[in-house]
Amino acid sequence: MASMTPSSPVSWDGFATAEPDFADTVQRRFRLYKHHVLATLRKDGSPRVTGLEADFRFGEMLLGMMPDSLKALDLRRDPRFALHANPGPDAEMNDGDVRVSGRAVEITDPEVIARFIEEATPPEPFHLFRAELTEVVRTGLDGDFLVIQSWRPGQPLRTARRK
């Protein structure tokens with residue numbers, strides 16, 4: 001029997017190449033609202049939840065934050081994160097519930113940072129991280145069924161339907 005070892009994290013572009021339709025759905029969901037909820041790990045291992053904007057550029061999901069913010073310091077120390085798309089103004093969530101998780105890797109390449117500044121005009125200074133994905137999940141309704149779609153690197157998109 002083959003051992004179940006997790007695959008290496010992949011960039012947004014790697015995810016989009018593996019599952020283009022699902023990636024489009026997830027990206028559209030994130031673009032519905034400006035602010036989302038980021039979970040990081042504090043020094044003591046407990047969770048920290050904060051607001052964050054996600055940006056899609058250069059084939060990456062980018063996470064920008066203020067200099068020396070607690071979430072940036074958390075990610076520098078332990079890159080594991082989860083990002084939950086803003087659920088919206090009501091309980092309907094017609095577009096489903098979406099979250100991604102993985103590792104946030106700080107971008108230090110001056111050319112990439114300069115290109116980001118030119119295109120996105122963020123408030124400066126800032127930290128910029130790229131998401132390396134280990135899981136993408138969308139939960140939604142289809143009639144009376146709860147539909148859960150999940151993807152992990154190296155595995156096909158899985159769909160579960162529950163009544």
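Start by selecting His36 and Leu52: Leu52, in β2, is the bridge partner of His36. You are looking at a predicted model, and this pair is a good place to begin the tour.

**The β1–β2 hairpin**

Widen the selection to residues 35-41, which make up strand β1, and residues 47-57, which make up strand β2. The two strands pair in the antiparallel sense, with 7 bridges between them. Now follow the chain through the turn of this hairpin, where 5 residues separate β1 from β2. Stop at Gly45, whose phi is positive at about 90°.

**On to β3**

Keep β2 on screen and add residues 60-65, strand β3. These strands run antiparallel too, joined by 4 bridges. For a landmark, pick Ala54 and its bridge partner in β3, Leu63. Which residue takes a positive phi in the hairpin of β2 and β3? Select Phe58: its phi is near 60°, and the hairpin has 2 residues between the strands.

**Two loop residues with positive phi**

Moving past β3, select Asp68, in the loop that leads to α3 (70-77). Asp68 is not a glycine, yet its phi is positive, at about 55°. Is Asp68 buried or exposed? Its relative accessibility is 52%, so Asp68 counts as exposed.

Next, jump to the loop between α4 and β6 and select Thr121. Here is another residue other than glycine with a positive phi, this time near 45°. Thr121 has a relative accessibility of 62% and therefore counts as exposed.

Stay in the loop between α4 (110-120) and β6, and pick out Pro125. Show the backbone from Glu124 to Pro125: the peptide bond there is cis, with omega near -5°.

**The β6–β7–β8 stretch**

Carry on into strand β6, residues 127-142, and strand β7, residues 145-151. Their pairing is antiparallel and spans 7 bridges. At the hairpin end, select Asp142 and find Phe145 of β7 opposite. There are 2 residues between β6 and β7, and Gly143 in the turn has a positive phi of about 65°.

On β7, add strand β8, residues 158-162, which pairs with β7 in the antiparallel sense over 5 bridges. Val147 makes a useful marker, with Arg161 of β8 opposite. The β7–β8 hairpin has 6 residues between its strands, and Gly154 shows a positive phi near 80°.

Before leaving β7, select Gln149, which is found in this strand. Where the cut-off for buried is under 20% relative accessible area, Gln149 counts as buried because its relative accessibility is 17%. Show the surroundings of Gln149: setting aside neighbours within four places in sequence, its contacts include Phe22, Val136, Val137 and Arg138. Leu157, Arg158 and Thr159 are also among the contacts of Gln149.

**Zoom out**

Finish with the whole chain, coloured by secondary structure. How many helices and strands does the protein have? There are 4 helices and 8 strands, and along the sequence they follow the pattern α-α-β-β-β-α-β-β-α-β-β-β. The radius of gyration is 16 Å, close to the 15 Å that the globule rule gives for 163 residues, so the protein is as compact as a globular protein of that length. Rotate the C-alpha trace along its principal axes and you will see spans of about 50 × 45 × 35 Å.

Switch to a surface view: the protein exposes about 9700 Å², with 51% supplied by carbon and sulfur atoms. Of the 163 residues, 36% count as buried. Lastly, colour by charge to find 22 positive and 25 negative side chains, the centres of the two sets lying 6 Å apart.

Conventions. Residues are numbered from 1 along each chain as its sequence is written. This is a predicted model: local features need pLDDT of at least 70, side-chain atom pairs count only at pLDDT 80 or more; totals for chains, interfaces and linings use all residues. Side-chain values use heavy atoms; hydrogens and water are left out. Two strands pair if DSSP finds at least two bridges between them. The radius of gyration is taken over C-alpha atoms; the globule rule is 2.2 Å times the number of residues to the power 0.38. Buried means under 20% relative accessible area, exposed over 50%, partly exposed in between (1.4 Å probe, protein chains only). Accessible areas come from the Shrake-Rupley method with a 1.4 Å probe; for residues, only the protein chains shown count as cover. Lys and Arg count as positive and Asp and Glu as negative; His and the chain ends are not counted. The place of a charge is taken as NZ of Lys, CZ of Arg, CG of Asp or CD of Glu. Contact means heavy atoms within 4.5 Å.
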